[in-house]
Amino acid sequence: MTESACALPAQQEQQERRRSLSSSQPYFAAVEKMREHRSSFVEAGVDGFDLFEKMATLNLSYRIEEQRTNRCPSCWYDREIRCICDRMPARMERDLMPNVKFLLLLHHKEYLNAGNSAKVLLSLLPKEQIELFVYGREGDFDRLVEEILIDREHTLTLWPGRESQTIEEFLAELPTDSGWAARRNGDVEISQESSLLRIVVLDGTYTNAKNMHKTIRKRLKENAPKNVALHPNEASKFHRAQKTYGASIAENLKNNQNLDKKAMRISTAEACGLLLRELGCQEEVQKTILEAVMLNNVDRKSCS
């Protein structure tokens with residue numbers, strides 16, 4: 001008997017075992033369906049980023065429809081026993097904010113994750129000043145690219161690379177008629193007349209955020225937004241940034257000299273609060289964001 005003939009019964013046995021698990025356990029059924037979908041996409045010639053998006057979109061659909069139907073659509077905690085929406089700070093008024101728009105690129109694995117910090121920005125910031133893009137969901141990355149290209153000069157990416165600029169350096173290179181000249185000269189008063197500043201925010205584990213950053217630069221090349229790094233004075237108040245994320249940072253700093261250690265201390269939401277403060281917002285805005293992050297962090301172990 002040939003080697004290939006011997007392998008065939010083993011493959012069939014493995015497939016039968018998977019089908020048996022699938023019939024009794026929804027999770028294994030979903031995994032088996034994902035494998036089947038992937039095989040179909042590959043056979044149809046789908047590969048690379050297109051394949052990633054198709055598989056990520058399927059994964060999102062499964063989590064939304066099957067796995068997490070008990071989650072509150074706003075805070076992503078269990079809607080019956082742990083929803084925190086009624087304790088969250090109220091949405092901020094537009095006149096408290098500079099003329100900015102956050103483009104939040106959330107890795108698909110973070111979507112519906114109750115412990116995620118960036119999602120608090122969606123309920124705190126004025127609706128017209130933040131837009132969610134899910135990395136991996138079909139169409140979202142293309143929409144992000146279109147938004148960036150509206151005005152690349154007034155668009156930046158928060159990223160802690162050693163080559164990254166400070167926000168002061170970024171503003172100093174803007175045209176004098178952009179409306180940000182007053183901020184550049186040390187006046188922190190908020191101006192609604194300045195050009196809209198778009199801020200790309202990457203949210204995910206460090207490895208996933210790095211991949212998102214690489215994808216943006218690969219797609220846009222010379223049109224990719226400039227990187228801006230922040231330098232907080234203290235470590236993050238966010239649970240995951242202190243522990244899991246912090247450990248990931250330490251490991252990556254050993255292997256990558258292009259990372260800025262001082263710029264990698266805080267969570268996504270905290271970084272946005274710090275940036276708003278540097279752009280002229282009152283301290284109360286930053287404190288409100290921190291309050292929401294801390295509230296989101298309460299007993300999160302029991303709900304993640």
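Let's start with the disulfides: the count in this predicted model comes to 0. A disulfide is a covalent bond between the sulfur atoms of two cysteines. Have a look at Cys72, whose sulfur has its closest cysteine partner in Cys85, at 3.6 Å. A disulfide needs the two sulfur atoms within 2.5 Å, so the Cys72 sulfur is too far away for a bond. Cys83 tells a similar story: the nearest cysteine sulfur is again that of Cys85, 3.6 Å away, and Cys83 is in no disulfide.

The surroundings of these two cysteines are worth a glance too. Cys72 is buried, with a relative accessible area of 7%, while Cys83 counts as partly exposed at 26%.

Now move along to Gln129, which sits in the loop between helix H4 (120–124) and strand S2 (130–135). Loop or not, Gln129 is buried, with just 1% relative accessible area. Its side chain makes a polar contact with the side chain of Arg94, at 3.5 Å. Setting aside neighbours within four places in sequence, Gln129 touches Arg94 and Met97, then Pro98, Asn99, Val100, Lys101 and Phe102.

Zooming out, the protein chain has 12 helices and 5 strands. Of its 304 residues, 47% are buried. Among contacts with a separation of 6 or more, 77% join residues 24 or more positions apart. As for the outside, the chain exposes about 16,200 Å², and carbon and sulfur atoms supply 48% of that area.

Notes:
Residues are numbered from 1 along each chain as its sequence is written. This is a predicted model: local features need pLDDT of at least 70, side-chain atom pairs count only at pLDDT 80 or more; totals for chains, interfaces and linings use all residues. Side-chain values use heavy atoms; hydrogens and water are left out. Helices (H or I, at least four residues) and strands (E, at least two) are DSSP runs, numbered from the N terminus. Buried means under 20% relative accessible area, exposed over 50%, partly exposed in between (1.4 Å probe, protein chains only). Contact means heavy atoms within 4.5 Å. Accessible areas come from the Shrake-Rupley method with a 1.4 Å probe; for residues, only the protein chains shown count as cover. A polar contact is a pair of N or O atoms within 3.5 Å; within protein, one must be able to donate a hydrogen and the other to accept it, and residues adjacent in sequence count only if both atoms are side-chain atoms.
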